[in-house]
Amino acid sequence: MKPYKQLYYNILIYRTPLYKGWINGCALWFIPVLFFAEIFSYFIIRYIKSNCLILLTAITIGTIGYGLYFFNIHFPYNIDVSFYASFFYLIGYISKNKIIHYPPKHTLAICLLIVNIILSQILPRTDMAWNNCGWYGLNAINAIGGTFAIILITKTYFDNIYATPIKLFFKWAGHNTIIILGLSQIISTYIKIGFSYFFVPEIMNPFLRHIFLWIILYILSIIIRKYFPKIIGQK
């Protein structure tokens, strides 16, 4: 079979599972999770005024999520994952003001990031798409520490004029999270299929594929926001 015909054949094979998002929408698992996590967190924040009680509630609801994972209990629309997600949402809520005003510290940020990378290699894998929490307490602390490290790094370096392109990238990525997370797996798979029919040095293959991926995502983000904003919940 000629290469272009084989490529077309492979696209037809992958089309259905890709558009469905792998196993009942796995590629978009985070959308219902965020939906329910925000609902849970909204009522907790509205009716509990003390940050200490909110923290205790966050730990409790996160522990419930870990219990669902431990006993292999799953709910429709990944609602079981929303408990663990709510833990991080609430932690972010009660700490946001302190983090915003926390002074940038280069050494602390690098140390936290190194520890985060090391622990990420040692601790059992966390996969929130399936509510796989790994070692719940340590993984949660590691995730919070890694997030804090990234925030410190951005506060340290993003005030530099040379970081402006990086600022713009993260600003664009933050505004288009649903588009990026929802389409990146699908687009990446198609690009990988396409690249398999061309001779590309192995060392350059992932690099070039990622360049194509981000270019396509950027173009799609413009098209969707301009012509199909309702897809991402905008008017």
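In this predicted model, helices α8 and α9 pack at an angle of about 135 degrees. Their axes lie 9 Å apart. Helix α8 covers residues 177-195, and helix α9 covers residues 205-227. Angles over 145 degrees count as roughly antiparallel, and those from 65 to 115 as roughly perpendicular. The two helices are therefore oblique to each other. Their crossing is right-handed. From α8, the contact draws on Ile179, Ile180, Leu183, Ser184, Ile187, Ser188, Ile191, Lys192 and Phe195. From α9, the partners are Asn205, Leu208, Arg209, Phe212, Leu213, Trp214, Ile216, Leu217, Leu220, Ser221 and Ile224. By class, this contact holds 14 nonpolar, four polar and two charged residues.

These helices belong to a protein with nine helices and zero strands. From the N terminus on, the order of elements is α-α-α-α-α-α-α-α-α. The protein has 235 residues, of which 31% count as buried. Contacts with a sequence separation of 6 or more were also examined by range. Residues 24 or more positions apart account for 73% of them.

A second helix pair is formed by α3 and α4. Helix α3 spans residues 51-70, and helix α4 spans residues 79-100. They pack at an angle of about 155 degrees, with their axes 7 Å apart. Since angles over 145 degrees count as roughly antiparallel, α3 is roughly antiparallel to α4. The crossing of α3 and α4 is left-handed. On the α3 side, the residues in contact are Asn51, Ile54, Leu55, Ala58, Ile59, Ile61, Gly62, Ile64, Gly65 and Leu68. On the α4 side, they are Asp80, Phe83, Tyr84, Ser86, Phe87, Leu90, Ile91, Tyr93 and Ile94. The class count for this contact is 14 nonpolar, four polar and one charged residues.

Gly65 of helix α3 takes part in this contact with α4. Gly65 has a relative accessible area of 0% and is therefore buried. Residues up to four places away in sequence aside, Gly65 touches Asp80, Phe83, Tyr84, Asn131 and Cys133. Of these, Asp80, Phe83 and Tyr84 are among the α4 residues that meet α3. The C-alpha atoms of Gly65 and Phe87 are 9.0 Å apart. In sequence, Gly65 and Phe87 are 22 residues apart.

Phe70 also lies in α3. With a relative accessible area of 55%, Phe70 is exposed. In space, Phe70 and Gly134 are 9.3 Å apart, C-alpha to C-alpha. Along the chain, 64 residues separate Phe70 from Gly134.

The loop between α3 and α4 contains Asn72. Phi of Asn72 is near 55 degrees. This is a positive value in a residue other than glycine. Asn72 has a relative accessible area of 57%, so it counts as exposed.

Helix α2 (residues 30-47) contains Ser41. The relative accessibility of Ser41 is 0%, which makes it buried. A polar atom of the Ser41 side chain lies 2.8 Å from the backbone oxygen of Ala37. Beyond its neighbours within four places in sequence, Ser41 is in contact with Ser86, Tyr89 and Leu90. Ser86 and Leu90 also appear in the α4 contribution to the contact with α3.

Two residues of helix α6 (residues 136-157) were examined, beginning with Ile141. Ile141 is exposed, with a relative accessible area of 59%. The C-alpha atoms of Ile141 and Asn116 are separated by 9.4 Å. These residues are 25 residues apart along the chain.

Asn139 also lies in α6. Its relative accessibility is 8%. Because buried means under 20%, Asn139 counts as buried. Leaving out residues up to four places away in sequence, Asn139 touches Tyr84, Leu123, Pro124, Thr126, Cys133 and Gly134. Tyr84 and Cys133 are also touched by Gly65. Gly134 is the residue whose C-alpha atom lies 9.3 Å from that of Phe70.

Methods:
Residues numbered from 1 in each chain as written. Predicted model: local features only at pLDDT ≥ 70, side-chain atom pairs only at ≥ 80, totals over all residues. Heavy atoms only, no water. Axes fitted to C-alpha atoms, helices over the stretch in contact; angles between N-to-C directions. Helix = DSSP H or I, 4+ residues; strand = E, 2+ residues; numbered from the N terminus. Parallel < 35°, antiparallel > 145°, perpendicular 65-115°, else oblique. Left-handed = near helix turned anticlockwise from the far one by under 90°. Contact = heavy atoms within 4.5 Å. Nonpolar A, V, L, I, M, F, W, Y, C, P; charged D, E, K, R; others polar. Buried < 20%, exposed > 50% of the residue type's maximum accessible area, 1.4 Å probe, protein only. Polar contact = N/O pair within 3.5 Å; in protein donor to acceptor, adjacent residues only side chain to side chain.
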